[in-house]
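Reader: I've never looked at this one before. Could you walk me through it, one question at a time?

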Amino acid sequence: MSGVDTRTNLAGIELRNPVLTASGTFGYGTEFKAFMDLRRIGGFVAKSLTLEPRFGNPPPRIAEVRAGMLNAISLENVGVEAFINEKLPEIPDGVPVIASLFGTEIPAYAEVAKRLTGVPKVAGLEVNASCPHVKSGGIEFGQNPVVLAELVRTVRAATDAPLLVKLSPNVTSIAEMARVCEGEGADGISLINAVQAMDVDVRSRRPVLKNILGGFSGPAILPLALRMVWQAAQAVKLPLCGIGGITDADDAIKFLLCGATAVQVGTANYTNPMAAAEIAEGIAAYADANGFARTADLTGALEAP
Amino acid sequence: MTTDQTAPTSVDPGAPIRARAQVVSNLSEGEANHRIELRVERWPQWQPGQFVMLAPGAESAAPRYDPLLPRPMAIYTADSKGNFDQVSVLYKVEGRGTRLLAAAEPGEHVRMVGPLGTGFELPPEGHHAILVGGGTGTASLYSLARAALERGPVSVILGARRAALLMAESDFEKLGAKLHIVTEDGSRGEQGLVTDVLGPLLAEGGDPAIVYACGPTPMMRACHRLTREAGVSCRVALENRMACGFGACLGCAVPMAEGGFSLVCKQGPVYDADTLEWEGIP
C-alpha cells in the first residue's frame with residue numbers, strides 16, 4: 001500500500017481517501033470516536049439537519065430483513081444550531097464533515113444551507129432529496145424532476161459551498177434526475193438513498209414498522225445501487241458518490257469502477273463501527289496489488305463486457 | 001483495567017471496545033436458555049445493567065448477511081481471570097440470530113462491542129433492593145444483585161412461563177439473596193406472576209424499598225404501577241431492538257413521559273420508570 005496515492009477530490013472537497021460514511025448511519029461522528037481515529041476515513045456525512053430540532057417516529061423504528069434492514073426514523077435531528085455549537089467542536093481537525101440538510105418546503109432547505117455555509121469544518125453540503133414534500137402531497141422532492149430542479153436551483157443560489165445532491169432510488173429514471181442536478185448547478189451527486197419497502201410479521205399480522213413503510217438498506221440493495229450509479233455515470237459528467245450496501249472493500253471498488261469518485265458506507269457502520277476505515281485500507285491494498293498508482297484511477301475503470 | 005471477582009460498583013464505565021472474543025464455552029441450560037462464556041484480552045470498566053452487541057454466530061462462518069445485525073444482550077458477568085477477562089452472557093434461542101450464536105463452538109471467535117449504555121445505580125444506603133426478573137430479563141439483574149448485597153438486604157423475584165424457561169436460578173440461590181420463584185403454570189415455585197409476590201413484599205414495610213425490574217414490557221409496566229401505588233422508586237432495564245447499540249441508528253428510541261424520545265442504547269437501557277411513556281412502548 002506504500003506507494004498508492006489515495007487522495008480524492010469529490011466535487012471540490014479534498015478527501016484523504018475515497019471512503020465517506022453515509023448520512024443517518026454515522027450520527028454526528030462523535031458516536032464513533034471510541035472505536036477509531038476519524039482521520040482513517042475520507043470524511044463523513046452527518047445526520048440530516050433541519051432549522052429546528054425534530055423528533056422522529058414512534059417505535060418500532062427498525063427491523064431486520066434478509067441481508068438488510070428497514071428504518072423509519074423520520075429524520076430525527078438536533079437542529080442546525082445545536083449541530084454547529086455542540087457537535088462540530090467534538091470533531092477533530094482534519095476530518096472533512098459534509099453536512100446533510102433537508103426541509104419539508106424548499107425555502108427551509110435554503111435557510112439551512114445558508115446557515116451551514118462558511119462554518120469551519122463543514123467541507124461541503126449534501127441535499128437530502130428523499131424527504132416528503134408537503135406541497136406535493138408527501139411525494140419525495142427527488143421523485144419529481146420539476147420539484148427537484150427547483151430545489152437544487154434554490155439551494156445552489158443560497159450557498160457557494162461544494163454542493164452534493166443525494167438522490168432517491170424510488171424513481172423511474174435515475175439518469176433524468178442526475179441530469180436535473182447537473183443542469184441546476186450541483187457540484188456532485190450522491191446515490192442512492194434507502195429504497196422504500198415494508199415487511200410484515202405473520203404471527204401478529206402487523207407491519208413490522210409502526211410507520212408501515214421504511215427505507216431498505218444493507219447488502220441486499222448493492223446491485224440495485226450499482227446499476228443506478230452506472231446509469232448516472234453514463235448520463236452526467238458530475239462526480240458521483242456511490243452508496244448502497246457497501247460492506248467490504250470489494251463492494252466499494254465496484255462502485256468506483258462503475259464511475260463513482262467516492263463512496264459512502266452506511267448500514268455496515270452498525271455491524272462494524274470500523275467498517276469504513278477498513279474499507280479505505282482495503283481499496284488502497286487493491287490498487288497496489290493491481291498496479292494502480294492512485295485509487296482515483298479506479299474511477300470508471302470498468303472493462304468492456 | 002480489569003474487574004475483580006466482585007461486580008464493579010459505581011465506577012464510570014470505560015469507553016466501549018470492539019472485541020474479537022474467543023468462545024470458552026457455550027452451553028444449553030435447559031430448554032432454550034444458553035450461557036456463552038467469552039474470553040477477551042481486556043474488558044473495560046463496566047456497570048451492572050450495561051449490555052453488549054453480539055454478532056450472530058462465529059466469525060469463521062462465511063461472510064454472512066442474513067441475519068445481518070448484531071444482537072443486544074445484557075452483560076451477565078465480566079471477571080478477571082488473571083491475564084485475560086471473561087464476559088458471560090445468558091441468552092434464549094428464539095430466532096435465526098440466536099440459533100446461530102448457539103452453534104458457535106469453543107475455540108471459535110465472535111464479534112462483540114461493549115460495554116454499552118448506562119447501567120444501574122446501586123441502591124441508596126439502608127434500602128431494601130427488590131429485583132424482579134422475567135424470562136431473559138433476569139440476566140440484566142445478576143451483577144446488580146451481587147453488588148447490591150454488599151450494601152444491604154436484597155430480595156429477588158424470578159419469573160417465567162414455566163420452569164424450563166427460568167434463567168440462572170441456581171446462581172441467584174448461591175448469592176444468598178432472599179429468592180422467590182414464580183411460574184405461570186406452577187411447574188416451579190409459586191404459581192402466578194412476579195407481581196403476585198412483589199405486591200405483598202412492598203406492603204411489608206421495614207427498610208425503604210427500591211425496585212429494579214427487567215423483563216417483558218407488560219411485566220415492567222405492572223411493576224411500575226405497583227411501586228407507584230406503594231410510593232417506591234422503580235428502575236427498569238429495557239430490551240429494545242437496536243441496529244448499532246451506540247447511538248448512531250436511532251432505532252431504539254422510546255417515548256418519554258415529558259414528550260420526545262430517549263435512546264435506550266445511550267441514556268438507557270436503565271430508566272426511572274416514572275420518566276417513560278409506557279403506552280408508547282411496544
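**A walk through the model**

Reader: Does Glu90(A) count as buried or exposed?

Author: Glu90(A) has 10 C-beta neighbours inside 10 Å. A residue is buried with 20 or more other C-beta atoms within 10 Å of its own, exposed with 12 or fewer and partly exposed in between, the C-beta atoms being placed from the backbone. With its 10 neighbours, Glu90(A) therefore counts as exposed.

Reader: What sort of model is this?

Author: Residues are numbered from 1 along each chain as its sequence is written, while chains are lettered from A and ligands numbered from 1 in the order in which they are written. Local features need pLDDT of at least 70, side-chain atom pairs count only at pLDDT 80 or more, and totals for chains, interfaces and linings use all residues, because the model is predicted.

Reader: Where in chain A does Glu90(A) sit?

Author: Helices (H or I, at least four residues) and strands (E, at least two) are DSSP runs numbered from the N terminus. Leu49(A) is 41 residues from Glu90(A) in sequence, and their C-alpha atoms are 17 Å apart in space. As for its place, Glu90(A) is in the loop between α1 (80-87) and β7 (97-101) of chain A.

Reader: And Asp187(A), buried or exposed?

Author: Asp187(A) lies in a loop too, between α4 (174-183) and β10 (188-191) of chain A. Leaving out residues up to four places away in sequence, Asp187(A) touches Ala11(A), Gly12(A), Pro162(A), Leu163(A) and Leu164(A); contact means C-beta atoms, placed from the backbone, within 7 Å. With 20 C-beta neighbours inside 10 Å, Asp187(A) counts as buried.

Reader: How far apart are the C-alpha atoms of Asp187(A) and Glu126(A)?

Author: Along the chain, Asp187(A) and Glu126(A) are 61 residues apart. In space, the separation of their C-alpha atoms is 10.0 Å.

Reader: Which residues touch the most other members of the largest nonpolar core?

Author: A nonpolar core is a set of buried Ala, Val, Leu, Ile, Met, Phe, Trp, Tyr and Cys residues joined through C-beta atoms within 7 Å. Beyond four places in sequence, the contacts of Val229(A) include Leu191(A), Leu240(A) and Gly242(A). Of the 188 residues in the largest core, the ones touching the most other members are Val229(A) and Val263(A).

Reader: Which residue is the bridge partner of Leu191(A) in β15(A)?

Author: Strands pair if DSSP finds at least two bridges between them, and β10(A) and β15(A) pair in the parallel sense over 3 bridges. In β15 (residues 240-243) of chain A, Leu240(A) and Gly242(A) point one way, Cys241(A) and Ile243(A) point the other way, and all are buried. The partner of Leu191(A) in β15(A) is Gly242(A).

Reader: Which residue in β16(A) stands opposite Cys241(A)?

Author: β15(A) and β16(A) run parallel and are joined by 3 bridges. Across from Cys241(A), in β16(A), stands Ala262(A).

Reader: What span should helix α8 of chain A have?

Author: Buried residues of α8(A) include Ala275(A), Ile279(A) and Ile283(A), and its buried residues pack against β3 (19-21), α6 (249-257), β16 (262-265) and α7 (268-271) of chain A. The expected span is 1.5 Å times one less than the number of residues. α8(A) has 15 residues (275-289), and its end C-alpha atoms are 21 Å apart, which agrees with an expected 21 Å.

Reader: Over in chain B, which strands stand at the edges of the antiparallel sheet?

Author: This open sheet of 7 strands has the order β4-β3-β7-β1-β2-β6-β5 (chain B). Each edge strand has a single partner, so one side of each is left without a neighbour in the sheet. Those edge strands of chain B are β4 (71-74) and β5 (77-80).

Reader: What stands opposite Thr77(B) in β6(B)?

Author: β5(B) pairs with β6 (residues 85-92) of chain B in the antiparallel sense over 4 bridges. In β6(B), opposite Thr77(B), is Ser88(B).

Reader: How many residues of chain B are in contact with chain A?

Author: On the chain A side, β5 (62-65), β6 (68-71) and α7 each supply at least two of the residues that touch chain B. The contact joins 28 residues of chain A to residues of chain B numbering 26.

Methods. Two residues are in contact if their C-beta atoms, placed from the backbone, lie within 7 Å.
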